[in-house]
Amino acid sequence: MNTENFIELINEKKFAEIKKNLIDMNEYDIATLLQELDNDDIIKVFRLLPKEMATDVFVNLEQDIQQELISRLNKKEAATIIEDMFTDDAADLFEEMPAIMVTSLLSSVDKETRNDINKLLRYPDNSAGSLMAIEYIHLKKGLTIQESLDRIRKQKEDFVSYDSCFVTDNSRKLLGWVSIKNLLVNDPDTLIDDIMEDCEHSINTLMDQEDVAKLFQDYNYSTLPVVDSEDRLVGIITVDDIIDILEEEATEDMEKMAAIVPTEKSYDKTTVFETFKARIPWLLLLMISATFTGGIIAGFEEQLSAYTILTAFIPMLMDTGGNAGGQASVSIIRALSLNDIEFKDILKVMWKESRVAILCSITLAVCNFVKILLIDRTSVLVAAVVCCTLAVTVLIAKLIGCTLPMVAKKLGFDPAVMASPFITTIVDACSLLVYFKIASILLGL
């Protein structure tokens, strides 16, 4: 059913037909449909959902719509949704809500849910502890396979991971893991100790979410255990949480590379003023830094007046240098994020980029030399000045583009900050200095 038909049914108040259609739909599709409606219609349709579907639809909604919806539900309805949600999802929702609303909602849920949510909210933002699910089944050492399966059946509501269970001792210290496959194919009287495997990796509650995501990527995990400082199992993280992290981190890097202050809101949910605040700091910084290039041009005004044709090639030189530096920086930033290179590889990277720069600069210089002589019809000396500058500028740009992100990461900064806009400003100044220096030598200015 498309959105127009759905809105028509709402306007005609055919709620029985709406409910019938909802029952046959997937929860994600319902959430997508709800997000196309206005807030008043969302609450009407959401209240038509069967109780067993409502929470699944709710968790698929965008966070700002979740907040709006939960604020419009009465306390009993809101408490039912929150108690049915996995605790990590509920904690994520509360993190973005006003404190007064959080307090009100927490007071309406049962004590166990409230304690679980508060526990997660105490962990630092972007840490494994704030990300983990605490609804999981752990099996104790000494159980048979039959006893383990009985335990899983009794706690099926807490069964977040569908491919493995983690094994602990009586004090909940992590001992290993056992796959569901092995629980199903082995003799029911077999002890899980005999089929248990060691955990090669576990996650500390304070580990940064980027490091957690890296573990999942490198080893293709679907689930990992989270332990506290005493190696006691306190939660698990599943791959669906990692997909969200990777999306967030990729978006943040792209924003930084475009000289935008990162924001957690999607573009269509961001107001004009919020967009302005995210963009203006870097624009101001880059504008001020760009005044140095203007100062360089002003300092060589006398030389330019003697060869005014030189002015025509300044934009091309600056743009080419910026593009060359941007190519190198994006490649290095990506390699750093994938751990393909480290700071100790900086000399190897510089050597590689310098060879790439030489090949690029020769090709560009030759093509430009022919173009200047045949199309611009300037003197050979002017063409030589421009093409020599172009070659040197590309080399400088590539070296700056590859080294700045690596230095930034070594100093503890995000390499994405050293992306195209910042590097372009530096390369612009360098290209002008090189241009006027070469012009002074070859043209005798």
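This section describes the salt bridges, cysteines, strand pairing, aromatic pairs and nonpolar cores of a predicted model. Local features were accepted at pLDDT of at least 70 and side-chain atom pairs only at pLDDT 80 or more, whereas totals for chains, interfaces and linings use all residues. Residues are numbered from 1 along each chain as its sequence is written, and side-chain values use heavy atoms, with hydrogens and water left out.

Nonpolar side chains are considered before charged ones. In soluble globular proteins, nonpolar side chains tend to be buried together. A nonpolar core is defined here as a set of buried Ala, Val, Leu, Ile, Met, Phe, Trp, Tyr and Cys residues joined through side-chain atoms within 4.5 Å; buried denotes under 20% relative accessible area, exposed over 50%, and partly exposed the range in between (1.4 Å probe, protein chains only). The largest such core comprises 40 residues, of which L22, F46, F58, I70 and F94 touch the most other members. When neighbours within four places in sequence are set aside, L22 is in contact (heavy atoms within 4.5 Å) with F6, I30, V45, L48, L49 and M53. A second core, separate from the largest, has 29 residues, among them F313, I314, A383 and F436.

Four aromatic pairs are present in the structure. Rings of Phe, Tyr and Trp (its six-membered ring) are taken to pair if their centres lie within 6.5 Å; planes under 30 degrees apart are classed as stacked, over 60 as edge-to-face and the rest as tilted. The pair of F46 and F58 is edge-to-face, because the ring centres lie 6.3 Å apart and the planes stand at 65°. This pair links distant parts of the chain, with F46 in helix α4 and F58 in helix α5, 12 residues apart. Helices (H or I, at least four residues) and strands (E, at least two) are DSSP runs, numbered from the N terminus. Both F46 and F58 are buried. An edge-to-face arrangement is also found for F216 and Y221, at 6.5 Å centre to centre and 80° between the planes. F216 is buried, with a relative accessibility of 4%. Ring pairs join F216 with Y219 and Y221 in a cluster.

Side chains of opposite charge can pair when their charged atoms come close. With a salt bridge defined as a side-chain nitrogen of Lys or Arg within 4 Å of a carboxyl oxygen of Asp or Glu, the structure holds 10 salt bridges. One of these joins E77 to R47, at 2.9 Å from N to O. E77 belongs to helix α7 (residues 75–84) and R47 to the loop between α4 (39–46) and α5 (51–59), so this salt bridge ties together parts that are 30 residues apart in sequence. Both partners are partly exposed, E77 at 27% relative accessibility and R47 at 44%.

Other salt bridges lie within a single helix. The side chains of E68 and R72 meet at 2.7 Å, N to O; both residues are in helix α6 (residues 63–72), four residues apart, or about one turn of the helix. E68 is partly exposed at 29%, as is R72 at 35%. In helix α15 (residues 209–219), D218 and K214 are likewise four residues apart, about one turn, and their salt bridge brings the closest N and O atoms to 2.7 Å. Here D218 is partly exposed, with 44% relative accessibility, whereas K214 is buried at 16%. Salt bridges with shared partners also connect D40, E68 and R72 in one network.

A disulfide is a covalent bond between the sulfur atoms of two cysteines. Under the criterion of a pair of cysteine sulfur atoms within 2.5 Å, a search of the whole structure finds zero disulfides. For C199, the nearest cysteine sulfur belongs to C165 and is 12 Å away; C199 is partly exposed, at 23%. For C367, the nearest cysteine sulfur, that of C387, lies 9.6 Å away. C367 is exposed, with a relative accessibility of 51%.

Strands β4, β5 and β6 form, in that order, an open sheet with mixed pairing, two strands being paired if DSSP finds at least two bridges between them. The edges are occupied by β4 (203–204) and β6 (233–238), each of which pairs on one side only. Two bridges connect β4 with β5 (residues 223–227) in the parallel sense, and I203 stands opposite V226 in β5.
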